[in-house]
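I open this notebook to record what I looked up in the structure, going from one element to the next.

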Amino acid sequence: MKNISFKTAKNDIIAGIIVALVSIPISMGYAQIAGLPAAYGLYGSLIPVLIYAFTTTSPQFVFGVDATPAVLVGGTLSALGVTSGSEEAMKLVPVITFVVAIWLLIFSLIKAGRIVNYISTPVMGGFISGIGITIILMQVPKLFGGSAGTGELIELGIHIWGQLQYFNVLSAVLGFGTVVIILVAKKYIPKFPMSVVLMVLGAMATAFLHIDRLGVKLLPHVDSGFPKLMVPDFTLLKTDTSDIIILGLTCALVIMAQTLLATNNYANRYGYKVDNNREVLAYSLANIASSVSGSCPLNGSVSRTGIADQFGCKSQLMSVTASITMLVVVLFATPVLEYLPVPILTGIVVAALIGIVEYKLADKLRKVNRAEFFIFLAAMFGVLLFGTIYGVIIGVILSFIAVIIRAVVPPRSFLGCIPGHEGFYNLNRNKNALQIEHTLLYRFSGNLFFANVSTFLQDIENAINDDTKIIIVDASGIGSIDITAADRLVSFNKILKGKGIHFYITEHVDHVNDQLRQLGAGCLVEEGVTRRTISLALRDAGVDRPYPLVGSPEQVAVHEDFIEDNERLAEIEWAFGKDAAEWLDKYAVQVTDDITSSIDVGSSEFAENVLDKAESKNAWGRIGLFDEDELLERVEMHLSELAQNSNAEELEEHIEQRRLRLEAKIAKLNPDALKHLREHRKEVLQRFKENNPEAYAHMIQHRKEHISRLEKEKPELAAKMKEFYKLDD
């Protein structure tokens, strides 16, 4: 409730009213599935929802009568031979609800909510998507005049097929039309309360056009009045005790797992935190209130939360409003309910459920991580095929399998040096990195243990060739080693020593040395196999700076000296890999846009620091000299966007002066590296020429015109620029 503010209260109140109106058909329908009269679904949406609103830590989740617990209760009543809607059912269901609440209270006390900490984002997304699709399939028959189904994917498919015999054309038009209209409105006019408008239009269609006479189903009659509060008849526990307790446990597990997962999914999406154990306590208290109200077990509602989110809900003022709205309906407006068409109300629910299916997450995982994509699908189909509990179990198991896979196959790479710069870089990720002669530098980014030591050794063995004399492991990512790995390392070192190959383990934390000694592999430390740094290992093997590199004379020439200024060559490439050029171009566009917006169009004044300010807005921070040179080149490529600005020429001049200073700095730090820079600049321009020949021609022409003007005003700068760009060539 702390998130309530005057600014957001309007959206919360509107969302609460919509949630209450949508809850009417949902709650009534699921109450009947649970074996109660339809009115008890409304009763379960009064006091219990209010109690949940004041005890939950989630600012936007909706709690109420929902599908899964209702199905479980209804199925158990049928197995016990209790007639749905009978006096016996009306006495037994509140007792079951109370047992569910006690189980939830126990879960809260033992902090069972921590289970969510072991469920990954793909599992959570797949789980929520599975629930959403399941409820959509349950509701589909109501869109065309049938009745809601229960069960999992196969049962629901069979049910939908069977309900086609009740297909009503007008119902289908209203139901599916509602879904389409809401989805379109959500995209183009998201703040417009289209759901309310459609409900009002539906009620008017019933009142004036009598669409019910054409086969369109309406909500059933409900008597007005506040529910009678009562203490459940616990004497019923004397019979069928085990069945009720087991049912209560199952329902409690479903409620905790399903609601916590969905709640945390929204928390992750909007960047706030929830207290899982406090949440389970809130579920328990709400179910106690439901039991006293004579209603069935309550659960978090993914569909109604989606509707609340659609209307910008930011606090539980939404639930308070929903509870008050439902009270008004129960006391004064039950006759109006009979005018609401079921297909339209169902369409509102289905449209909300479509919005919670994590198709964007699925597409992202498909593109970047196939393993996690399959985990997403497994969790989703686990829920669809086997139900909530089994879906959660499958998801948790898959999460642990994913952890094991990542531990067994961690990121690995072979390293080399970039000419003109210190440090060691991934040979596959940095095109300017070259291998040191006769040397394998291997980085292993994970703890070394029995399940992955074979991968570790196999990588190295596959890379050894006839001229390999030194093998150095960058173990900065290795925090621990088990006895199996330690023994294998000792054996591997003996084999390499027999072949005359130096073997080193470097860059690791000192704790690894302690482990090696404790595990009987202290000889690796005593013989100097473990070294503090890669450089010290190379020095011990007789390789000193400048390191001899594998490459053409032109590639290795600039390695004769180093830039000691902490300037990083191709840092953008290190960070973004194959996407480096694309990212740098986006950065250049951003800088150009910032410059455009900061320059006063038509003004003759130019702020000297406009380029500095534009660069300072970049979240990446300071970039290296080589990257800065390429950035300036790309900004100039976009200068045509500033052509109409009277300051464009002065800006270009400012960029050229910056580039000349940049060259002077690099030349001072490392004269040989300047050659490398100019070669790199030619490559950038050549790629630009090949990919955008028209833009390239325009840029060159613009540059020549600018230099021509400078020859009159600043001949010295013009001469430098002419030489700089080799325009005579």
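**Arg517 and its surroundings**

I began with Arg517, which has its place in helix α20 (residues 510-518). The model I am reading is a predicted one, and I keep that in mind for every entry below. Is Arg517 buried, partly exposed or exposed? Its relative accessibility is 45%, and because buried means under 20% and exposed over 50%, Arg517 counts as partly exposed. Leaving aside residues up to four places away in sequence, I noted that Arg517 touches Gly522 and Val525. I also looked up the separation of Arg517 from Ala486: the two residues are 31 apart along the chain, and their C-alpha atoms are separated by 9.4 Å.

**The sheet**

Next I turned to the sheet, which is open and consists of six strands in the order β4-β3-β5-β6-β7-β8, with mixed pairing. Its edge strands are β4 (425-426) and β8 (530-531), each of which pairs on one side only.

I then followed the pairings inward. Strand β3 (residues 412-416) pairs with β5 in the antiparallel sense over four bridges, and within this pairing I found Leu415 opposite Leu441 of β5. Strand β5 (residues 439-444) and β6 run parallel and are joined by five bridges. Here Leu440 stands opposite Ile471 of β6, while Leu441 has Ile472 as its bridge partner in β6. Of the six residues of β5, five are buried, so the strand is largely enclosed by the rest of the structure.

How many residues of β6 are buried? I found five of its five residues buried, which leaves this strand mostly covered. In a regular strand the side chains alternate between the two faces of the sheet. I checked the directions in β6 with that in mind: Ile470, Ile472 and Asp474 point one way, Ile471 and Val473 point the other way, and all are buried.

On its other pairing, strand β6 (residues 470-474) is parallel to strand β7 (residues 502-506), with five bridges between them. One partnership I noted by name is that of Asp474 with Thr506 in β7. Helix α19 (residues 483-498) packs on the sheet, where it touches β6 and β7, and its direction makes about 145 degrees with that of β7.

**Helix α12**

I went on to helix α12 (residues 302-310), which is mostly covered, with nine of its nine residues buried. The buried residues include Arg304 and Asp309, as well as Val302, Ile307 and Ala308. Just after α12, I noted that Gly312 takes a positive phi of about 80 degrees.

**Helices α3 and α13**

My last entry concerns helix α3 (residues 47-55) and helix α13 (residues 317-337), whose axes come within 9 Å and cross at roughly 165 degrees. How are α3 and α13 oriented to each other, parallel or antiparallel? Since angles over 145 degrees count as roughly antiparallel, α3 and α13 are therefore roughly antiparallel to each other. The crossing of α3 and α13 is left-handed. On the side of α3 the contact is made by Val49, Leu50, Ala53 and Phe54, and on the side of α13 by Ser319, Val320 and Ser323. Sorted by class, this contact of α3 with α13 has five nonpolar and two polar residues, and no charged ones.

Note on methods: Residues numbered from 1 in each chain as written. Predicted model: local features only at pLDDT ≥ 70, side-chain atom pairs only at ≥ 80, totals over all residues. Heavy atoms only, no water. Axes fitted to C-alpha atoms, helices over the stretch in contact; angles between N-to-C directions. Helix = DSSP H or I, 4+ residues; strand = E, 2+ residues; numbered from the N terminus. Parallel < 35°, antiparallel > 145°, perpendicular 65-115°, else oblique. Left-handed = near helix turned anticlockwise from the far one by under 90°. Contact = heavy atoms within 4.5 Å. Nonpolar A, V, L, I, M, F, W, Y, C, P; charged D, E, K, R; others polar. Pairing = 2+ DSSP bridges. Buried < 20%, exposed > 50% of the residue type's maximum accessible area, 1.4 Å probe, protein only.
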